Amino acid sequence: MLGALVDLLLPARCPGCEAPGPGLCADCRDQLVAIDDPCPRCAGPLAGGLCPGCHGAGLPHVAGVRCAWAYAGLLAHLVGEAKAIGRPWAVRVCAGLLPVHDLDDIDVVVPVPASPGRRPGPHLGTALARRAARAVGSPMRRALAHTRHAEPQHRLGAAQRRDNVRGLFRATGAVTGRVLLVDDLLTSGATLAECAGILRRAGADEVRGLVLARTLADASGRRDGPR
Ligand SMILES: [Zn+2]
Ligand SMILES: [Zn+2]
């Protein structure tokens, strides 16, 4: 509790190199790994105009995904501080890195909800959704809730991730219009697709995804990250 208060009140230092000043310094920001030329459907890196991830099909129920950063290096560290430890400054820094420019025609912003029983403190996904809602000038609504506990996604392979999230969420009421669905991380896209399907069945005309960072398969094809 005291730690969280100190976090909130002390003048910020760069979380990458501890240089004085608020938020990430320019040098550390330059170290973040951007996804060059992301696929508009799944936000994976395109290879010569083709998407090796989704082959242009995208994620089920999702009209498109916006994501700027690869889940790696300093950003993975920041997300860890924000999620696992719940540090308010890390949540703020991550929210500032969300690519919220030029998001048009959004009626409502919906976060992927916090897991039941998670540690207290600010929830990264909800903070990101709040930031997106401010940027697009539309309300944020907690239109999704969990139905049960689930295994953390990062322990599972792609097929298991789909099974793990099936039936994991429910709509809290009817949804209308165009929805921006916000989450912190995308790995297989199973969580985003499951949530988007529920929002569509609840009445959404269209669901677009916005995520802070995406895991990218490395040379061995292994994927890291919680979702
Ligand atoms: Zn720095
Ligand atoms: Zn794709």
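A residue is taken as buried when its relative accessible area is under 20%, and as exposed when that area is over 50%. By this criterion Cys42 and Cys51 are both buried in the predicted model described here.

Confidence in the protein chain has a mean pLDDT of 88, with 90% of the residues at 70 or more. The lowest confidence is found in helix α1 (residues 2-9), where the mean is 55, and the highest in strand β2 (residues 108-111), at 98. Over residues 219-226 the pLDDT is below 50, although this stretch has 20 contacts in the model beyond near neighbours in sequence. Where pLDDT is low, predicted coordinates should not be read in detail.

Two zinc sites were examined. Cys42 and Cys51 belong to the site of the zinc ion (ligand 2), which is coordinated by the SG atoms of Cys39, Cys42, Cys51 and Cys54 at 2.2 to 2.4 Å. In sequence these donor residues follow the spacing C-x2-C-x8-C-x2-C. The arrangement around the zinc ion (ligand 2) is tetrahedral because its four donor atoms subtend angles of 98 to 113°, and four donors are assigned to this class if all angles lie between 85 and 135 degrees. The ideal angle for four tetrahedral donors is 109.5 degrees.

The zinc ion (ligand 1) has as its protein donors the SG atoms of Cys14, Cys17, Cys25 and Cys28, which lie 2.3 to 2.4 Å from the ion. Here the spacing of the donor residues in sequence is C-x2-C-x7-C-x2-C. This site is also tetrahedral, with angles of 103 to 113° among the four donor atoms. Among the donors, Cys14 is buried, as its relative accessible area is 2%, whereas Cys17 is partly exposed, with a relative accessibility of 42%.

Helix α5 (residues 124-136) comprises 13 residues. At 1.5 Å a residue, the helix should span 18 Å, and this agrees with the 18 Å that separates its end C-alpha atoms. The expected value is 1.5 Å times one less than the number of residues. The buried residues of α5 are Leu124, Gly125, Thr126, Ala127, Leu128, Ala129, Ala132, Ala133 and Val136. Their packing partners are the helices α3 (73-83) and α4 (88-96), together with the strands β2, β5 (178-186) and β6 (206-214). Strand β2 is thus both a partner of α5 and the element with the highest confidence in the chain. After α5 comes Gly137, with a positive phi near 75°.

How values were computed. Residues are numbered from 1 along each chain as its sequence is written. Chains are lettered from A and ligands numbered from 1 in the order in which they are written. This is a predicted model: local features need pLDDT of at least 70, side-chain atom pairs count only at pLDDT 80 or more; totals for chains, interfaces and linings use all residues. Side-chain values use heavy atoms; hydrogens and water are left out. pLDDT is the predictor's confidence in each residue, from 0 to 100. Helices (H or I, at least four residues) and strands (E, at least two) are DSSP runs, numbered from the N terminus. Contact means heavy atoms within 4.5 Å. Donors are N, O and S atoms within 2.8 Å of the metal (3.2 Å for Na, K and Ca); water is not among the atoms, so sites may look incomplete. Four donors count as tetrahedral if all angles lie between 85 and 135 degrees; four count as square planar and six as octahedral if opposite donors are over 155 degrees apart and all others between 65 and 115; anything else is irregular. Buried means under 20% relative accessible area, exposed over 50%, partly exposed in between (1.4 Å probe, protein chains only).
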